[in-house]
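Please look at the sequence and the structure shown below. The paragraphs that follow lead through the structure one region at a time.

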Amino acid sequence: MTLYGFNQSGRVINALYGPAFAYLNGLLLLAVGTWYRYQIITSFLVFAVGGVGMYRAVHRFNVRGSIAVLVTIIYMTIGWLPRWQSGSNFSGIGAALMPYGILVACDMFYDKEKPIHWIKLTILMTVALEVHLLTALMYMAFLVPAWLYAIIKREDKRGILLNTLKAVLLTIFLTVNTLLPLYWMSKTNTLAPTATMRMLENAVHLKHTTVAFHPFRILTHNLRASLTYWLAYAFIVQVIYAIWTREESKANVVVSLYGGFWLLLASRLVEWDRITNHLPALARFIQFPSRFVCIAYPLLIVGLGLSFEHILRRKQKWVKAAAYALLGLLTFAAADCLVITLTSNAWAGYQNNVGRSRNTKFGEETQKTSPREKKKKKKKAMEDYGAYHPVKLDDQRKQALVNTNAATHAHDLQVFLDMTEKAIPDYLPVYKWDPEPDVPSHLYTYKWKQYYTMENSKITAAYRKSVMNHNRNVKIKAVKHGLKLTWKAKKGKHKQQLPVITYKQSKLTVNGRVLTKYKRNRVGAPTVPEKTKGTNTAYLEFQTPLWIKLAIAVSLLGQFAAVVWGLLWRGGFFKKREEKKA
């Protein structure tokens, strides 16, 4: 349970999003001292990991170093990778890790003797599962074609299956600390699904050149779901060139066509809204088709490097000069777009969409109870949820953003957490569901999409009311085993709703008495009896079974042993030992 973030509500977050990675980030934050330094250092690390991986992936296809460097810079400035710096999106970390999947896929294609390097595959999937579950799922979709190619083309099918089994079993063992809590929490609690999004609005779309946001911006940007016409044309020409030279470079046509396929899936050329009317689960689990560019862009960048490498093998000097000039121009344009975009955000102090976000409150806004909004018609609520409806960016909100930015420089890390509130209902425990549509689940699926849309909006409203906009009379403090809540009773009242979230595993003690039965609202906020005089005290704890703790401990010890073994192997310890025996 969280003791400091999310309004100190006791929500379970880390257990569902990769606990080990969360603790590593926490240690880094404590080491650097402020949120501002943490953002700078992690941004550098994400860019470095993504850049090194992309360079190695391109170089693995025998592309010369100069070309590999230029196309790597392009990759570092497009898609989701820069979004970690600009918006702390976890898909940015997924984009940084994705090129390493290409290295594993290359072994499956080119290594005839041992196509499955099970240790390398284990490391890849373990890191992905520990960091970002969606990245691990993308790796699976990314590697399945390469694995099928290996199993069909190579003779040692038994060895391929055996090495794959080794990788799968070892990965499961090393990631028990992530997979087991996720499974256990899902089975013992009814968790809110992720928000149902309008997928077509979040698919990749083309953008014209513009001078918006900045007087010198003439090329716009290629972040997230945006794709400039000039870069789209570059990818189209690249795919055509790969097909044209398919006899000379089969690798180029494979990676380019596969990358183009994923870019097509990520785009608005696919009727995503119509598809989700028949398969509403996609709108909850995928949410943003633009996430598929995490697979598409690394492949297309490798293809771009292969195409320029093929051109540079020609003897004409003017052809080589033109190729370098064209690639240099593409690299400069991509880098310039990103620099101007980040500069614009930095000058304002926030992203434009974050500043106008209806789900986020900043600074002094968090110290007020927002006015009760008028109830809207059910149909209107269903139409609005999942779409972007900005709030007015007035002077008061701008000042709140300035104060919140200042809090990122404070050495008291709690200040920034107290000044930032976000209404995200994902994975909250849900204790009340409205009646389901009276239709078979395989028919009239649009009704199910509407149903989950409305349920999410009601869960969000309950979270806002009971946690974000709660009575400030209740004071919350982190203690050794959980949270301590204190308040004084108001006249005429004998019950108090506490601004915390309770799960089936929660232990709630009020005024020295452990409560086994108490009223909870839709998201588990408890209403408890109180003393009419003096100060009331409550303690909230989360009880984890011993077998869960032991399983997590064994998994973490396994990770530690794997890291030590890897360092010894890289240092040549085992090789020297064998030489001494010989």
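The cover over the buried residues of helix 12 includes helix 6 (90-110), helix 8 (133-153), helix 11 (229-244) and helix 15. The residues of helix 12 that are buried in this predicted model are A251, N252, V253, V255, S256, G259, W262, L263 and A266. Helix 12 itself covers residues 250-266, and a rise of 1.5 Å a residue leads one to expect a span of 24 Å for its 17 residues; the C-alpha atoms at its ends are indeed 24 Å apart.

Helix 15, one of the elements that cover helix 12, deserves attention in its own right. It comprises the 20 residues 293-312, for which 1.5 Å a residue gives an expected span of 28 Å, in agreement with the 28 Å between its end C-alpha atoms. How many of the residues of helix 15 are buried? The count is 19 of the 20, so helix 15 is largely enclosed by the rest of the structure.

The nonpolar interior comes next. In soluble globular proteins, nonpolar side chains tend to be buried together. Here the largest nonpolar core has 94 residues, and the members that touch the most others are F61, I102, Y297 and I301. Helix 15 supplies the largest share of this core, namely 13 residues. Leaving out residues up to four places away in sequence, I301 touches M54, V58, V71, I74, Y75, I78 and F235. Another core lies apart from this one; it has 20 residues, including V12, A423, A462 and I501.

Y297 also has a contact outside this list of core members: S226, with neighbours within four places in sequence set aside, is in contact with H205, K207, H221 and Y297. S226 belongs to strand 2 (residues 226-228). Its relative accessibility is 8%, and because buried means under 20%, S226 counts as buried.

Charged side chains form a further topic. Side chains of opposite charge can pair when their charged atoms come close. The whole structure contains 8 salt bridges. One of them joins the side chains of K120 and D107, with 2.9 Å from N to O. Since K120 lies in helix 7 (residues 118-131) and D107 in helix 6, this pair ties together parts that are 13 residues apart in sequence. Are the two partners buried or exposed? K120 is partly exposed, with a relative accessible area of 36%, whereas D107 is buried at 5%.

A second salt bridge is formed by the side chains of R313 and E309, at 3.5 Å from N to O. R313 counts as exposed, with 55% relative accessibility, while E309 is buried, with a relative accessible area of 6%.

A third salt bridge is that of R522 with D434, whose closest N and O atoms are 3.6 Å apart. This pair links distant parts of the chain, 88 residues apart: R522 is in the loop between strand 10 (519-520) and strand 11 (526-529), and D434 is in the loop between strand 4 and helix 21. Both R522 and D434 are buried. Through salt bridges that share partners, D434, E455, K458 and R522 are joined into one network.

The loop that holds D434 also contains Y427, between strand 4 (420-422) and helix 21 (445-468). Y427 has a positive phi, near 65°, although the residue is not glycine. Y427 is partly exposed, with a relative accessible area of 26%. Q8, likewise not a glycine, has a positive phi of about 50°. Q8 is found in the segment before helix 1 (14-17) and is buried, with a relative accessible area of 13%.

Attention now turns to the surface. A nonpolar patch is formed there by Y36, I40, I41, F44 and L45, which together have about 490 Å² of accessible area. L45 is part of helix 3 (residues 35-60) and counts as partly exposed, at 43% relative accessibility.

Finally, the chain may be considered as a whole. Its secondary structure comes to 23 helices and 12 strands. Of its 582 residues, 48% are buried. The chain exposes about 31000 Å², and carbon and sulfur atoms supply 63% of this area. Among contacts between residues at least 6 apart in sequence, 76% join residues at least 24 apart.

Definitions and conventions:
Residues are numbered from 1 along each chain as its sequence is written. This is a predicted model: local features need pLDDT of at least 70, side-chain atom pairs count only at pLDDT 80 or more; totals for chains, interfaces and linings use all residues. Side-chain values use heavy atoms; hydrogens and water are left out. Patches are made of residues with over 30% relative accessible area and no salt bridge: like charges are joined within 9 Å, nonpolar side chains (Val, Leu, Ile, Met, Phe, Trp, Tyr) within 5 Å. Accessible areas come from the Shrake-Rupley method with a 1.4 Å probe; for residues, only the protein chains shown count as cover. A salt bridge is a side-chain nitrogen of Lys or Arg within 4 Å of a carboxyl oxygen of Asp or Glu. Helices (H or I, at least four residues) and strands (E, at least two) are DSSP runs, numbered from the N terminus. Buried means under 20% relative accessible area, exposed over 50%, partly exposed in between (1.4 Å probe, protein chains only). The expected span of a helix is 1.5 Å times one less than its number of residues. A nonpolar core is a set of buried Ala, Val, Leu, Ile, Met, Phe, Trp, Tyr and Cys residues joined through side-chain atoms within 4.5 Å. Contact means heavy atoms within 4.5 Å.
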